[in-house]
Number of protein chains: 2
Amino acid sequence: DSTAPRGDRLGTLAQVVKRYRLYLLDMDGVLFRGNTAIPGAADAVRRIRQAGALVRFLTNNSTKTREHNARILREFGMEASPNEIMTTAVAAARFLSGRTAWALGEPGLHEELLAGNVKLVRDEPAEWVVVGLQRDLSYGQIDEAQWRIRTGAKFLATNRDATYPVEGRVMPGAGAIVAAVATAAGKEPDLVIGKPEPRMIQCLLEETGVRPEEALLVGDRLDTDIECARRAGCDSLLVLTGVTPEPPGDVPSLPSIADLSV
Amino acid sequence: DSTAPRGDRLGTLAQVVKRYRLYLLDMDGVLFRGNTAIPGAADAVRRIRQAGALVRFLTNNSTKTREHNARILREFGMEASPNEIMTTAVAAARFLSGRTAWALGEPGLHEELLAGNVKLVRDEPAEWVVVGLQRDLSYGQIDEAQWRIRTGAKFLATNRDATYPVEGRVMPGAGAIVAAVATAAGKEPDLVIGKPEPRMIQCLLEETGVRPEEALLVGDRLDTDIECARRAGCDSLLVLTGVTPEPPGDVPSLPSIADLSV
């Protein structure tokens with residue numbers, strides 16, 4: 001447990017006024033929701049930059065490239081370069097760089113793995129099987145994944161999100177596909193990249209040279225975002241513009257990232 | 001726990017020489033293995049019939065109709081009528097008869113549900129979602145299943161077998177698809193039909209009017225067949241022609257169904 005003050009009004013205030021060198025911003029639920037920008041979010045990102053701090057954007061989504069994510073943020077009026085985006089595909093690529101892998105996932109995952117120097121195979125043996133969300137999934141792919149794992153490949157899951165939100169409902173997330181493969185393979189993943197696992201934050205701390213206590217994660221989910229920060233040893237700030245309507249007493253929170261002072 | 005003698009040589013002998021009114025025969029691993037009949041199995045089935053006992057054939061497989069299964073048995077030289085076959089599709093149909101259901105599964109499942117007077121829907125609301133093995137599965141079907149369950153439908157799984165054997169390897173079973181749907185729906189099945197659940201045996205006891213202690217299940221798997229008999233209150237006999245190479249000390253067993261005396 002952190003020794004930083006937490007949970008009371010004073011703790012919340014102390015945390016929000018503390019200066020951080022690195023701001024780790026969850027995207028959906030913090031900067032936008034569905035197709036709508038969170039009012040004031042673009043200004044908040046600008047203030048962080050003007051204060052001289054670093055900004056990185058995090059998402060568990062493995063299906064889109066960094067370029068694609070940066071374009072989405074720019075459409076919401078937020079300046080963002082592809083190098084400031086961290087996805088589960090990018091973090092998976094950092095981990096697997098130089099190794100052979102067979103991947104079940106969408107083109108964005110394959111592109112980032114290739115960009116990160118992962119040796120993707122089609123029919124050859126591979127050291128790793130990577131499983132992410134793929135919406136044109138086939139039974140044959142679940143079979144190939146489980147059989148490669150049963151015959152010795154290691155099993156990497158981009159994330160275990162059971163669902164993801166779309167227009168007032170939810171769709172099956174990577175976690176559903178990971179569950180199918182894990183069941184058939186008789187084995188849980190050897191490595192899970194996505195939040196609440198700390199791997200994406202660790203990649204960003206390493207890349208920026210920032211120590212965990214100098215970084216603040218801003219997120220909208222307790223079980224993924226805030227838990228991810230805890231596991232990485234960073235401070236966190238819950239905002240109420242996403243899936244969490246009420247703050248629990250013991251987590252620093254603000255109504256919106258628009259209320260963040262830097 | 002049963003009070004019948006079990007586990008020692010005497011128990012095994014007592015069980016094998018006891019006369020039963022109903023013989024419940026698992027198919028794959030007991031009567032045939034892959035494309036090969038177990039030597040002497042057809043004779044054993046004949047001896048059971050000649051002794052005046054009833055025979056029923058059980059399988060967790062939901063993808064084939066009773067007619068199809070009877071044809072397979074006849075090709076292996078075993079007389080079998082479709083009415084003697086009990087599959088997870090047939091037992092699901094008995095349970096759901098008269099109710100509305102939306103099914104994820106192969107044509108054999110749909111045929112048996114319709115034959116059992118289940119009101120199958122395509123786009124309309126339904127009381128139940130049925131999930132079985134479907135080898136041309138799509139993401140859209142996993143999504144439709146989970147969303148129907150999230151919005152109130154009950155969840156029936158034909159079985160939770162993680163895999164099924166084919167020519168020297170295994171393929172993902174219904175359990176892998178059930179795991180994907182359960183993960184996305186955030187809910188485990190309300191009802192599982194297949195072994196080790198006792199539902200198929202209960203259907204057969206009801207249909208034949210035989211009491212549990214008058215029935216013997218012959219199977220090759222401890223965790224499904226033998227456990228299923230235990231839950232239904234029937235005696236069981238493990239044969240070593242399938243997936244279990246060595247009998248544990250506490251379960252009555254024979255090398256093969258060919259060694260069964262009736």
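**Overall form and symmetry of the predicted model**

A compact globule of 262 residues would have a radius of gyration near 18 Å, and chain A agrees, because its own value is 18 Å. The model is a predicted one. Along the principal axes, the C-alpha atoms of chain A fill a box of roughly 55 × 40 × 35 Å.

The secondary structure of chain A comprises nine helices and 15 strands. Contacts in this chain often link distant parts of the sequence. Among those with a separation of 6 or more, 65% join residues 24 or more positions apart. Of the 262 residues in chain A, 54% are buried, where buried means under 20% relative accessible area.

The surface was examined next. Chain A exposes about 11,300 Å². Carbon and sulfur atoms supply 49% of this exposed area. Chain A carries 31 positive and 35 negative charges. The mean positions of these two sets of charges are 3 Å apart.

The relation between the two chains was then considered. A turn of 180° lays chain A on chain B, with a shift of 0.0 Å along the axis. The RMSD of this superposition is 0.0 Å. The two copies are therefore related as by a two-fold rotation axis. Both copies use the same surface: 100% of the contact residues of chain A recur in chain B. Which residue of chain A comes closest to the rotation axis? That residue is Ala180(A), with its C-alpha at 2.5 Å from the axis.

Methods:
Residues are numbered from 1 along each chain as its sequence is written. Chains are lettered from A and ligands numbered from 1 in the order in which they are written. This is a predicted model: local features need pLDDT of at least 70, side-chain atom pairs count only at pLDDT 80 or more; totals for chains, interfaces and linings use all residues. Side-chain values use heavy atoms; hydrogens and water are left out. Copies are superposed by least squares on the C-alpha atoms of residues with pLDDT of at least 70 in both. Contact means heavy atoms within 4.5 Å. Helices (H or I, at least four residues) and strands (E, at least two) are DSSP runs, numbered from the N terminus. The radius of gyration is taken over C-alpha atoms; the globule rule is 2.2 Å times the number of residues to the power 0.38. Buried means under 20% relative accessible area, exposed over 50%, partly exposed in between (1.4 Å probe, protein chains only). Accessible areas come from the Shrake-Rupley method with a 1.4 Å probe; for residues, only the protein chains shown count as cover. Lys and Arg count as positive and Asp and Glu as negative; His and the chain ends are not counted. The place of a charge is taken as NZ of Lys, CZ of Arg, CG of Asp or CD of Glu.
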